[in-house]
Amino acid sequence: MTQLVELTNTVPTPELLDAITSAQDLPEADQPRAIRTKLARHQKQALTFMQRREEGWAFNGKHPDVWEYVEHRVGDGSFVNRISDSHQKEQPENFQGGIIADPMGLGKTLTMIALTASDLMWVSLARRGNNEFASVGQTLVIVPPPLLGTWEEQLTEHVEPGAFSWCRHHGNDRLITTNDAHQPTIILTTYHTVSAEWRNAGESARSGIFSRRWRRIILDEAHIIRNHNSQMAHAICSLDGDSRWAVTGTPIQNKLSDLATLLKFLRIYPYSDKRCFDADFTNLWKNGQANEALKRLKRLAGCLILRRPSTTIQLPERRDLLCPVEFYPAERELYQDIRTRTIERLDEFLYANNADTVRLPSYVNVLQQIEGMRMVCNLGLYYRSRHDFTAQDPSADTTWNNAMAQRALDLQLEMNPVRCKDCKASLDVAFSLLGDTPEVQGLQQALLSQCMKFVCPECVFRRGGAPPVCDHTPVCPFAPVSISAITAKEAPEPAAIEFEGRDLMSPHEMPSKIKSLILQLKNLACDTKSVVFSTWRTTLDVIEAGLKTEDIPCLRFDGKIPQKERPNVINRFRHDPTCRVLLLTLSCGAVGLTLTVASYAFLMEPHWNPTLEDQALARIHRMGQTREVTTARFFIRDSFEERVMEVQEKKRKLVTVLLAPHGQGEGEEEDVGSLQFSI
Ligand SMILES: [Zn+2]
Ligand SMILES: [Zn+2]
């Protein structure tokens with residue numbers, strides 16, 4: 001039986017932060033000679049913006065800036081803060097840098113490389129008859145680990161060979177301190193490396209990367225430091241440099257203080273001081289002068305933040321489609337079984353909670369059952385054949401052990417950020433993707449209690465062995481959990497449901513959703529390449545078997561593919577015309593890859609975190625894409641997946657409280673209680 005797929009157009013998602021979009025029409029800077037790729041117009045304009053900002057405050061009013069010098073009489077003037085209209089006699093501290101906040105897909109990395117390249121002066125050595133670039137200082141680039149490779153790839157691609165060099169300062173590749181004149185122009189390192197060096201050096205001793213004054217410091221994905229309580233932010237802010245740049249698509253996540261943290265790193269006088277920021281912005285807001293606060297924020301953003309709408313570049317159109325699929329009767333029956341069980345577990349958990357005798361691991365059971373419902377939507381009857389229900393009997397194992405705690409944390413992170421009970425730092429799945437391994441961090445593991453109280457690694461370190469407590473009597477047990485990239489990278493999968501990669505499957509065995517996918521793939525033109533995303537490797541296993549049955553070759557890219565083989569997979573997908581389908585886990589696809597060779601993207605299931613989906617789709621719909629892009633989102637009609645989509649919608653609507661003052665925009669998170677009404 002052929003299943004027809006109904007396609008409905010979805011509404012495009014609202015652009016974040018339109019409120020602070022900078023519209024100024026900047027002139028184009030010259031193409032730096034050390035860059036061999038021709039820069040696009042908007043990149044040359046960004047270069048102008050950055051070069052101006054690196055000249056320091058425009059006291060002469062040449063272009064709008066935070067500070068301006070106004071002369072009342074000859075030789076007698078004062079400095080005016082154009083944001084708050086306050087005056088002062090003394091010259092404000094120098095500041096060079098700013099925030100580059102263009103949305104994904106506008107080629108921010110190349111733009112930042114071009115800025116560094118524009119430092120290099122073309123020195124003609126007439127006597128020797130050749131030309132050489134002379135460097136004027138080093139730029140430190142701080143990135144999440146998955147982006148180290150992306151930066152290196154982009155440097156190789158765009159920099160004129162021999163024009164300047166770069167190196168890593170990470171893991172075993174540590175910077176060697178020499179006075180050699182031929183030092184690399186760009187040093188790439190990670191947030192955790194900086195944080196670990198700071199911790200090891202102690203607050204007073206300055207060594208390594210803290211002992212230098214950098215020509216420039218660039219934070220890529222700078223929102224990582226947004227929690228100003230964290231030691232990492234403290235370490236990053238302590239670095240010394242002439243110019244400081246924060247690169248992030250989301251300078252404000254959901255409250256004003258997100259921006260305050262970036263201003264602190266940038267050392268923007270006077271707003272690097274939280275009290276000044278609060279006085280001129282936050283307090284106005286709290287006192288009901290929201291319009292004035294917003295006006296000031298726009299003025300500040302106009303001076304310091306470069307953010308153009310994603311329509312700045314003419315990308316080919318993107319069609320977003322929804323693909324509802326119906327269960328087969330047998331699949332529906334299995335789904336209803338699991339749904340019933342989930343409701344039982346949930347009642348059990350909520351009842352236990354009310355009685356204040358937390359009978360865990362029933363909480364983990366609830367989360368597991370919910371995940372089970374979602375997996376049946378992908379795997380159909382394969383879920384049953386691989387899954388032993390008796391293993392989930394809550395009476396089977398009730399001790400809070402490491403494995404259970406890890407599973408609970410991973411499942412919870414899938415849905416919502418987890419907050420540290422000590423420092424309130426929040427850990428979300430997008431962040432944990434960007435994490436370093438514990439060895440690099442030089443940290444111990446985090447802790448999670450049976451009642452889901454979380455203590456982050458930094459706070460565990462600070463406690464120095466003192467055991468954390470929860471509100472219960474007696475205190476619930478805590479177990480160590482890892483938040484490193486290795487465990488949190490991909491959605492956890494209980495071994496019991498691992499699909500054992502059978503070579504072929506008969507068409508009547510194929511889960512309805514996967515059958516629908518294959519049908520669509522077969523209908524595509526033979527020169528069209530597609531990327532298929534799923535949260536779970538198991539789903540990709542079943543898809544792979546299905547594709548084999550239909551003689552459709554495909555490539556895999558997930559957490560099990562060793563780091564050094566990954567470039568080969570991507571190269572093959574780009575250049576081998578017979579490889580038309582790439583199967584990716586959502587988490588692997590979310591950062592750093594360029595997959596513009598594909599023009600179709602299939603999302604096998606809705607994910608709790610819409611940002612992760614947007615990031616994945618931006619791998620395909622970005623600069624360099626020449627064809628119209630189609631995205632197709634599968635979901636099972638009348639299933640829990642529809643609830644997940646509602647949660648996505650709610651999270652996207654958080655945009656409306658985007659500019660709410662500090663403290664608001666929180667407490668919006670789903671809790672288990674509210675799940676009761678959605679199952
Ligand atoms: Zn903490
Ligand atoms: Zn407790």
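**Figure 1. Overview of the chain in the predicted model, which has 23 helices and 24 strands.** The model shown here and in every following view is predicted. Of the 679 residues of the chain, 56% count as buried. Among the contacts in the chain with a separation of 6 or more, 75% are accounted for by residues 24 or more positions apart.

**Figure 2. Close-up of the largest nonpolar core, a set of 71 residues.** The residues with the most contacts inside this core are L448, F454, I543 and F602, and its largest share, ten residues, is supplied by helix α10, which covers residues 362–379. Because domain 3 (315–324 + 501–657) and domain 4 (329–494) both give residues to this core, it lies between them. I543 may serve as a guide to the surroundings: not counting residues up to four places away in sequence, I543 touches I514, L517, V532, L583 and M604. A second, separate core has 51 residues, including A101, L140, I142 and A246.

**Figure 3. Helix α12 (residues 402–415), a largely enclosed element.** Twelve of the 14 residues of this helix are buried, so α12 is largely enclosed by the rest of the structure. The buried set contains charged as well as nonpolar names, among them R407, D410 and E414 alongside L409, L411 and L413. With 1.5 Å allowed for each residue, the 14 residues should span 20 Å, and the C-alpha atoms at the two ends are 20 Å apart, which agrees with that expectation.

**Figure 4. Helix α4 (residues 191–201), with attention to W198.** This helix is mostly covered, in that nine of its eleven residues are buried; they include Y191, H192, V194, E197 and R199. W198, which is found in α4, counts as buried because its relative accessibility is 6%, under the 20% cut-off. From C-alpha to C-alpha, W198 and I209 are 9.2 Å apart in space, while eleven residues apart in sequence.

**Figure 5. The salt bridge between E68 and R82, one of the 35 salt bridges that the structure holds.** The closest N and O atoms of E68 and R82 are 2.9 Å apart. E68 lies in strand β2 (residues 67–73) and R82 in the loop between β3 (76–81) and β4 (86–88), so the pair ties together parts that are 14 residues apart in sequence. E68 counts as partly exposed at 23% relative accessibility, and R82 likewise counts as partly exposed, at 30%. The loop between β3 and β4 also holds D85, whose phi is near 65°, a positive value in a residue other than glycine.

**Figure 6. Further salt bridges, shown as two pairs and a network.** In the pair formed by D76 and R73, the closest N and O atoms are 3.3 Å apart; D76 is partly exposed, with a relative accessible area of 22%, whereas R73 is exposed, with a relative accessible area of 58%. The side chains of D273 and R275 meet in another salt bridge, with an N to O distance of 2.9 Å. Here D273 counts as partly exposed at 27% relative accessibility, while R275, with a relative accessible area of 64%, is exposed. Beyond these pairs, E54, D119, R215 and R216 are linked in a network of salt bridges.

**Figure 7. R622, a buried residue that has no salt bridge.** R622 is placed in the loop between α21 (610–617) and β24 (629–636). Side chains of opposite charge can pair when their charged atoms come close. For R622, however, the nearest side chain of opposite charge is that of E221, 9.0 Å away, whereas a salt bridge requires the nitrogen and oxygen atoms to be within 4 Å. Leaving aside neighbours within four places in sequence, R622 is in contact with G105, L315, L593, T594 and T596.

**Figure 8. Backbone features in two loops, at P270 and M452.** The peptide bond from Y269 to P270 is cis, with omega near 0°, and P270 has its place in the loop between α6 (256–266) and α7 (274–286). M452, in the loop between β17 (446–449) and β18 (454–455), has a phi near 70°, which is a positive value in a residue other than glycine.

How values were computed: Residues numbered from 1 in each chain as written. Chains lettered and ligands numbered in written order. Predicted model: local features only at pLDDT ≥ 70, side-chain atom pairs only at ≥ 80, totals over all residues. Heavy atoms only, no water. Core = buried A, V, L, I, M, F, W, Y, C linked by side-chain atoms within 4.5 Å. Buried < 20%, exposed > 50% of the residue type's maximum accessible area, 1.4 Å probe, protein only. Helix = DSSP H or I, 4+ residues; strand = E, 2+ residues; numbered from the N terminus. Domains from an automatic or database assignment. Contact = heavy atoms within 4.5 Å. Expected span 1.5 Å × (residues − 1). Lys, Arg positive; Asp, Glu negative; His and termini not counted.
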